[in-house]
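User: I'm new to this structure and would like to learn how to read it. Could you walk me through it step by step?

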Amino acid sequence: MTIQMVNGEDFSVQHDPGTKTVTFAGSIRLQTMEAYAPLRKLLDTAIAEAGSGATVFLDFRELRFLNSSGINTISRFVIDVRKQNDVMLKALGNQEIYWQQKSLTNLQKLWPKVLIEIQ
Amino acid sequence: MAEAAQILGDWNDMVESAPNNRMVLDASQLAKHWRRVSLTSDFWAYYLALHVPGNLSRERLNREALQSVLSYVLNELIENCAKFSTGVVKTVYFESWNLDDFMVFQITNHIRPEAQVPFTEFLHGLLNGDPTELYFQRIEESAETGRGGSGLGYLTLMMDYGIRFGFRFRPVNEQSVAIDVQAHVSMIRKDS
């Protein structure tokens, strides 16, 4: 299990299997849902490698922007993890980043077991 | 004879006297060089947020919060122009007005005339329901079907930021209908 990354010109997404953390940084505003497929694949790998009963961390603290296609991608991922009901999710947010204050708790409305910590 | 314009949602005929900015873009260039959408949105968000003084009462959005809201709303609207300018006319118009408690944006793109009826039906659904209920319903549908979740950008903006939208359809020639989308952004803080 190695660290995997998806990079764009304005962003990076990294999965560290050691800490079971997916870290998002920059501004992610891709053109289509299809363009989000590599990012979704990275998230699915994080779940597959975490093991039953584990918690996977989604670290958004350095993510300045995410467009609605990106929010949809993350939301669909949360719904799929909810359906499997085998791995827990914890989202880390940043109080200084306005969209996170406003929208991050929507993930918890999709699945009440998602933990949200806004720092 | 020109057909009458069709209006849906919260529409205001804007007065010339309020401080006003304009820009003209090409939708095909935005689609081709996608990062220009983000760049344009961030530029106008930063430019317009400078209108807000540094020291404010608690009831009003501070400069950083307003910049963030504007960047989100403008990015979603300009993305739509880049994606859905199906009319022969590819021109995109951006216009903004600063009022005391509101900023109003009007973004115009052009669609094929036959796209007007399906789009107005889509908008009726969007404008006449509860945004929160619709948002979660459409996300679940999108997860179920694997399809793109249309309207989620508008619904997020309505639900999380209290933004009100208006839409005006104006036939410009036999092959293009202009859609003017108005977004009304309150500068009064709504504490979550």
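Analyst: We'll go through a helix contact, then pockets, then cavities, then one residue. This is a predicted model, where local features need pLDDT of at least 70, side-chain atom pairs count only at pLDDT 80 or more, and totals for chains, interfaces and linings use all residues. Residues are numbered from 1 along each chain as its sequence is written, chains are lettered from A and ligands numbered from 1 in the order in which they are written, and side-chain values use heavy atoms, with hydrogens and water left out.

User: At what angle do the axes of helix 2 of chain A and helix 5 of chain B cross?

Analyst: Helices (H or I, at least four residues) and strands (E, at least two) are DSSP runs, numbered from the N terminus. Axes are lines fitted to C-alpha atoms, for helices over the stretch in contact, with angles from 0 to 180 degrees between N-to-C directions. Here helix 2 (residues 68-84) of chain A and helix 5 (residues 131-145) of chain B have axes that come within 9 Å and cross at roughly 70 degrees. That makes the two helices roughly perpendicular (65 to 115 degrees; under 35 is roughly parallel, over 145 roughly antiparallel, the rest oblique).

User: Which residues of these two helices meet?

Analyst: Contact means heavy atoms within 4.5 Å. On the helix 2 side of chain A, the residues include Ile71(A), Ser75(A) and Arg82(A), and in helix 5 of chain B they include Tyr135(B), Ile139(B) and Glu144(B). By class, the residues of this contact are five nonpolar, three polar and five charged. Ala, Val, Leu, Ile, Met, Phe, Trp, Tyr, Cys and Pro count as nonpolar, Asp, Glu, Lys and Arg as charged, and the others, Gly among them, as polar.

User: What volume does the largest pocket have, and what lines the pocket?

Analyst: Rolling a probe the size of a water molecule over the atoms shows where empty space is left. On a 1 Å grid over the protein atoms alone, a cavity is a set of points where a 1.4 Å probe fits but cannot get out, and a pocket is an open set with protein on both sides within 12 Å along at least five of seven lines; lining residues have an atom within 4 Å of a point. Grid points are joined across faces, edges and corners, and a volume is the space filled by probe spheres set on the points. The largest pocket has about 760 Å³ and 30 lining residues, with Asn80(B), Phe84(B), Phe122(B), Ser150(B) and Gly151(B) nearest its centre. Helix 3 of chain B gives the largest share, seven residues.

User: How many cavities of 30 Å³ or more are there?

Analyst: Two, across the whole structure. The largest cavity holds about 70 Å³, and its lining includes Phe60(A), Ile71(A) and Trp99(A). That lining has seven nonpolar residues, one polar and no charged. The second largest cavity has about 30 Å³, and helix 1 (residues 37-50) of chain A gives the largest share of its lining, three residues.

User: Is Gln100(A) buried or exposed?

Analyst: Buried means under 20% relative accessible area, exposed over 50%, and partly exposed in between (1.4 Å probe, protein chains only). Gln100(A) sits in helix 3 of chain A and is buried, at 0%. Beyond its neighbours within four places in sequence, Gln100(A) is in contact with residues including Phe60(A), Leu92(A) and Ile118(A).
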